[in-house]
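Let's work through some exercises together, one step at a time. Keep the sequence and the 3D view open as you go.

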There are 2 protein chains.
Amino acid sequence: MNGMTMADSDEKQEQGVKGTQTLMRALDIMDEVIDGPIRAADLARKLGMSKTTAHRLVQALRSRNYLSVTREGFALGPKLLQLGVLATEQIDYVRVARPFMELLSDRTGFCVFVGKREGEYSRHLDRVTGTQRLRVATAPGDRRPIAETGLGKALLLDEDEAGWERLYIEARGGKPSRAQIDAYLKDMREHKARGTVLHDSELGDGVRSIAVPIRDAKGNICIAISIASAAHYLTDALRPGLAEQVVRAAEQISGAVGYSGPRRA
Amino acid sequence: MNGMTMADSDEKQEQGVKGTQTLMRALDIMDEVIDGPIRAADLARKLGMSKTTAHRLVQALRSRNYLSVTREGFALGPKLLQLGVLATEQIDYVRVARPFMELLSDRTGFCVFVGKREGEYSRHLDRVTGTQRLRVATAPGDRRPIAETGLGKALLLDEDEAGWERLYIEARGGKPSRAQIDAYLKDMREHKARGTVLHDSELGDGVRSIAVPIRDAKGNICIAISIASAAHYLTDALRPGLAEQVVRAAEQISGAVGYSGPRRA
DNA sequence: GATATGTTTCCGATATATGGGACGCGTCCG
DNA sequence: CGGACGCGTCCCATATATCGGAAACATATC
């Protein structure tokens, strides 16, 4: 159809590893099949390979159960179910997140944290200390009531309001006033709508943070990332721009652990 | 170092598709990585390929996020999380099961059914009519109380006893006697221990069935398969051999939808 | 039954993957 | 401290595994 004939003119810059054309093409096929069942002939057209090649690769993938045959063409195969489940067990969120945390720290200069939920607590898993003189003391391994940290709030964004209220009361130990609870809920609603948590420590130590949830392949919040510093540095003026960067980092990490958007079209 | 040199003795008979050595080797690597993080050099040894080749393939897979690098070697990558989830949505249990149902029907001559659970009911999804004159009337789409069919019982094997009792009572509409309930529970315990459901219809129509659950990649029972016929054909003498065959079919289907055994070693 | 679209097989030329070997690096050990 | 070892990385000549054309076959469309 198009001038695909010979003129692949410039190289694809994403070739990456040389000597793997076959593999790469096969994986290209997998990527196409992600979008739903597709016919071998269509694959050949879309990927600019001969019908023969498409057919050969597709058969190979099917013989290994990476693809399955359906009435409407080839679909993702059962082997992927197995691999998916096993990958879940092998994935190390911290290791995946590391490089992105470092990048974020480099670009902002702030301390970066990731943490996960442990029941009513949030557990800090990893930290990248920024370039700033003033450091936030929280160390990996620390556990704090989930409702009272920025990271924790981010982990709670999918929770319902009853959950927020319950966890807030628990975190408060004593019994907060109705007004306090309502203020907290209002706060959380805003965070949720924005997808970003802007947090000022209630301990009066002037620590501020910006936290964003990270979602796994199933769309659930699995960990959260945050940057934190003294309010003196993390000023209101800077917040929007920084929030933007944290969100971007969170999106990249989400992608790297298999998240593929709110809902596949 | 070891006698790996040349003596890979017999070829793999499962080469299947020709002209895909690279792909096949890459997928062999994936299969090795399934067993846990592994070093590139070990892959080369285990799979009888040169270090160079192993390295090249591994890099290619990593560049596509099918593998990730960890301290202890290469592990399953985030892309598999994404593919796993999407495969779940694309998998069509009925289509996967079809060929196995036909095989089972051919070999036994009986009617074969598959069905899934719908709350307190079991829904018959597909049927392969056997060669026998006498046919079981249940058609795809039919819904029966889950506790009163063989297929349904197989779907319940993972349920706890309280669940069994509740569903049995519901199925009975009226209130069964304590003795009836206990008999039912005893029955279910036996089915569960055996992994196979031997069912005689309580309607007095002389219909018998043998049902076995099918498990998905997570190990959960997702559908069940059964053969059914008149007790006149499906005699006590035949039962053990037939049960064996149904179990084998169920195992194959389970494998085809990603189940990888009770628990990976 | 004729046309169109997709699937499968076969085969020779050549682009492509292969493995030997070398290098740098970190670690273990005497 | 120096040497041996294991691992990841790179280069390159070579063998061969891979590619695509063509055509038989299968199925859908009209």
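**Exercise 1: Polar contacts with DNA strand C**

Lys51(A) has a polar side-chain atom 3.2 Å from a base oxygen of DNA strand C. Before you continue, note that this is a predicted model, where local features need pLDDT of at least 70, side-chain atom pairs count only at pLDDT 80 or more, and totals for chains, interfaces and linings use all residues. Residues are numbered from 1 along each chain as its sequence is written, chains are lettered from A and ligands numbered from 1 in the order in which they are written, and side-chain values use heavy atoms, with hydrogens and water left out.

Task: Find which part of DNA strand C is contacted by Arg56(B) and by Ser50(B).

Solution:
- Step 1. Recall that a polar contact is a pair of N or O atoms within 3.5 Å.
- Step 2. Go to Arg56(B): a polar atom of its side chain is 2.3 Å from a phosphate oxygen of the strand.
- Step 3. Go to Ser50(B): an N or O atom of its side chain is 3.2 Å from a phosphate oxygen of DNA strand C.

**Exercise 2: The surroundings of DNA strand D**

Task: How many residues surround DNA strand D, and which helix supplies the largest share of the surface near it?

Solution:
- Step 1. Count a residue as near if one of its heavy atoms lies within 4 Å of the strand. This gives 19 residues, with Thr53(A), Arg56(A), Gln21(B), Thr22(B) and His55(B) the closest.
- Step 2. Look at the DNA side: of the strand D atoms within 4 Å of the protein, 69% belong to sugar or phosphate and the rest to bases.
- Step 3. Sort by helix (a DSSP run of H or I, at least four residues; strands are runs of E, at least two). The largest share, 4 residues, comes from α3(B).
- Step 4. Check the backbone too: polar backbone atoms of Thr20(B) and Gln21(B) lie 2.9 Å and 2.7 Å from a phosphate oxygen of DNA strand D.

**Exercise 3: A helix with a bend**

Task: Describe where α5(B) bends and which of its residues are buried.

Solution:
- Step 1. Locate the helix at residues 93-108 of chain B, 16 residues in all.
- Step 2. Find Pro99(B), where α5(B) bends by about 30 degrees. The bend is the angle between axes fitted to the seven residues ending there and the seven starting there.
- Step 3. List the buried residues (under 20% relative accessible area, 1.4 Å probe, protein chains only): Val96(B), Ala97(B), Met101(B), Leu104(B), Ser105(B) and Thr108(B).
- Step 4. Step past the helix to Gly109(B), whose phi is positive, near 85 degrees.

Notes:
The expected span of a helix is 1.5 Å times one less than its number of residues. Buried means under 20% relative accessible area, exposed over 50%, partly exposed in between (1.4 Å probe, protein chains only). A polar contact is a pair of N or O atoms within 3.5 Å; within protein, one must be able to donate a hydrogen and the other to accept it, and residues adjacent in sequence count only if both atoms are side-chain atoms.
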